[in-house]
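Hi,

Here is the model I promised to pass on. Have a look at it first, and my notes come after.

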Amino acid sequence: MRYQSARMDRIPPYMFAELGKKKAAMIKSGIDVIDLGIGDPDLPTPEHIVEKLVEEARKPENLRYPNFSGHPEFRRAVAEFYRREYAIDLDPETEVLALIGSKEGLAHLAPAMIDPGEYVLVPDPCYPPYRMAALLAGGMYHDMPMVKENGFLPDFKEIPEEVLEKARLMFLNYPGNPTAAVADGDFFQKAVDFAKDKGILIAHDSAYNKVAFRGFKPPSILEANGAKEVAVEFGTLSKTYCMTGWRIGYVVGNREAIRALSVFKSNTDTGVFTPIQLAGAHALLSDQACVDKYNDIYFARMKGMVGALREIGIEVDQPKATFFIWAPVPAGFTSAGFVEAVLEQAGVIVTPGSAFGPSGEGYFRISLSVPNERLDEAIGRIKKKIKI
Ligand SMILES: *Cc1c(COP(=O)(O)O)cnc(C)c1O
């Protein structure tokens with residue numbers, strides 16, 4: 001007996017594992033390691049959201065099994081958020097589904113949409129769960145390479161015909177992790193038209209839809225004409241309101257896809273703790289000043305780090321959104337080699353671009369999710385210690 005399925009054989013070991021081991025060893029030997037690897041904001045969830053959770057958690061009726069597709073109040077709040085932010089109308093009953101964090105929904109969408117032997121199109125580089133979801137569903141993935149010259153937007157014309165014939169699902173993600181690239185309405189319209197022509201469902205991951213700077217407002221793919229016929233959009237409260245540990249997100253758009261995912265989920269999980277959903281609804285509908293405040297903090301950090309990188313000769317653009325910097329490694333280094341050098345010379349952890357897919361080779365990602373003092377320390381060390 002072998003206690004692993006053939007499907008699991010295709011899932012590689014966790015990519016951050018090696019780096020994690022090295023970090024543990026360095027900390028043990030007394031080195032002060034600063035971790036700019038993980039994308040988990042250090043800032044606290046705003047107080048009014050926490051208060052709402054506590055208030056709702058005191059009500060016994062909120063402690064029973066939650067509603068499968070999401071509390072009506074949470075779904076209405078998501079619909080209201082779309083009306084307020086994008087002037088898009090959503091039916092909370094059929095076009096909004098609550099998720100246990102958006103990662104959960106992104107991963108479960110693959111088995112709800114594709115059959116073994118079918119393809120999922122993924123941006124390359126991308127958030128790793130898109131690829132793993134395809135494999136866990138018994139399907140295959142096809143990388144759509146993205147390069148700087150193209151603004152890190154995929155070129156749909158490059159997808160081979162034999163892949164397109166078996167493609168059912170395409171992931172997109174703007175503002176993007178890891179590239180911090182943004183897309184405009186024209187690109188989304190092109191994607192929607194392409195998906196309609198080829199019979200593909202688009203899953204747009206908008207995790208950073210509100211993490212944007214200086215008046216830049218990332219568009220929703222649902223603003224494109226005909227988008228609801230071929231697209232769903234995932235969102236999360238994790239990044240906007242610093243609620244990564246709470247596990248609450250949503251998916252909106254195409255009702256057929258949402259129904260299939262909802263049936264899948266109702267057979268595998270039982271929804272999100274009701275007080276978390278009600279606090280989430282409160283976050284979406286109450287004063288958004290906390291969001292601006294946090295974005296100002298990320299923007300200031302961004303400026304500091306971009307400046308430091310330029311000072312040591314690494315040319316990067318100032319991102320318009322996300323809390324990531326996607327930077328080219330200096331000449332002569334591989335992604336992995338440079339990441340190792342930064343860790344050894346400066347005690348700073350950054351993520352090798354190659355961890356996000358083959359087109360990430362030649363880049364590294366910095367996540368600005370540590371307190372300002374730690375970031376300043378990291379900036380100081382990078383300026384002083386990195387020899388390239
Ligand atoms: C952080 C992140 C997510 C996951 O968000 P959760 O809602 O916390 O699961 C999804 N997509 C991208 C691109 C992310 O960076």
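Below is what I found, starting with the ligand and then moving along to a helix, two single residues and some backbone oddities.

One thing to keep in mind throughout: this is a predicted model.

**The ligand**

There are 14 residues around the ligand, and D205, Y208, T236, S238 and K239 come nearest. Two of those nearest residues have polar side-chain atoms facing ligand oxygens at short range: for Y208 the distance is 2.7 Å, and for T236 it is 2.6 Å. R247 does something similar, with a polar side-chain atom 2.7 Å from an oxygen atom of the ligand. As for cover, the ligand has 380 Å² of accessible area on its own, and the protein covers 94% of that.

What is the shell made of? By residue type, it divides into four nonpolar, six polar and four charged. By element, the largest share is the three residues that come from helix α5 (residues 102–113).

**Helix α11**

This helix runs over residues 274–285, and its length checks out: twelve residues at 1.5 Å each should span 16 Å, and the end C-alpha atoms are 17 Å apart, so the two agree. Is α11 mostly covered or mostly open? Mostly covered, with ten of its twelve residues buried. The buried set includes T274, P275, I276 and Q277 at the start of the list, and A283 and L284 at the end of it. What do these buried residues pack against? Their partners are α3 (47–57), α4 (72–86) and β2 (96–99).

**S335**

S335 sits in helix α13, which covers residues 335–346. With a relative accessible area of 0%, S335 counts as buried, because the cut-off for that is under 20%. Its side chain reaches the backbone nitrogen of G362 at 2.9 Å. G362 also turns up in the contact list of S335 beyond its neighbours within four places in sequence, together with V329, P352, G353, S354, G360, E361 and Y363.

**The loop between β4 and α7**

Two residues here caught my eye, F152 and L153. F152 has a positive phi, about 55 degrees, although it is not a glycine. Are F152 and L153 buried or partly exposed? F152 is buried at 9% relative accessible area, while L153 is partly exposed at 21%. Setting aside neighbours within four places in sequence, L153 is in contact with M146, Y174, V182, A183 and F187. M132 is 21 residues from L153 in sequence, and their C-alpha atoms are 21 Å apart.

**Other backbone points to look at**

C242 is another residue other than glycine with a positive phi, near 50 degrees. It lies in the loop between β7 (231–236) and β8 (249–253), and at 6% relative accessibility C242 is buried.

Then there are the cis peptide bonds. One runs from D124 to P125, with omega near 10 degrees, and P125 is in the loop between β3 (119–124) and α6 (129–136). Another joins N177 and P178, where omega is about 10 degrees. P178 is likewise in a loop, this one between β5 (167–172) and α8 (185–198).

That's everything from my side.

Cheers

Note on methods. Residues are numbered from 1 along each chain as its sequence is written. This is a predicted model: local features need pLDDT of at least 70, side-chain atom pairs count only at pLDDT 80 or more; totals for chains, interfaces and linings use all residues. Side-chain values use heavy atoms; hydrogens and water are left out. A residue is near a molecule or strand if one of its heavy atoms lies within 4 Å of it. A polar contact is a pair of N or O atoms within 3.5 Å; within protein, one must be able to donate a hydrogen and the other to accept it, and residues adjacent in sequence count only if both atoms are side-chain atoms. Accessible areas come from the Shrake-Rupley method with a 1.4 Å probe; for residues, only the protein chains shown count as cover. Helices (H or I, at least four residues) and strands (E, at least two) are DSSP runs, numbered from the N terminus. Ala, Val, Leu, Ile, Met, Phe, Trp, Tyr, Cys and Pro count as nonpolar, Asp, Glu, Lys and Arg as charged, and the others, Gly among them, as polar. The expected span of a helix is 1.5 Å times one less than its number of residues. Buried means under 20% relative accessible area, exposed over 50%, partly exposed in between (1.4 Å probe, protein chains only). Contact means heavy atoms within 4.5 Å.
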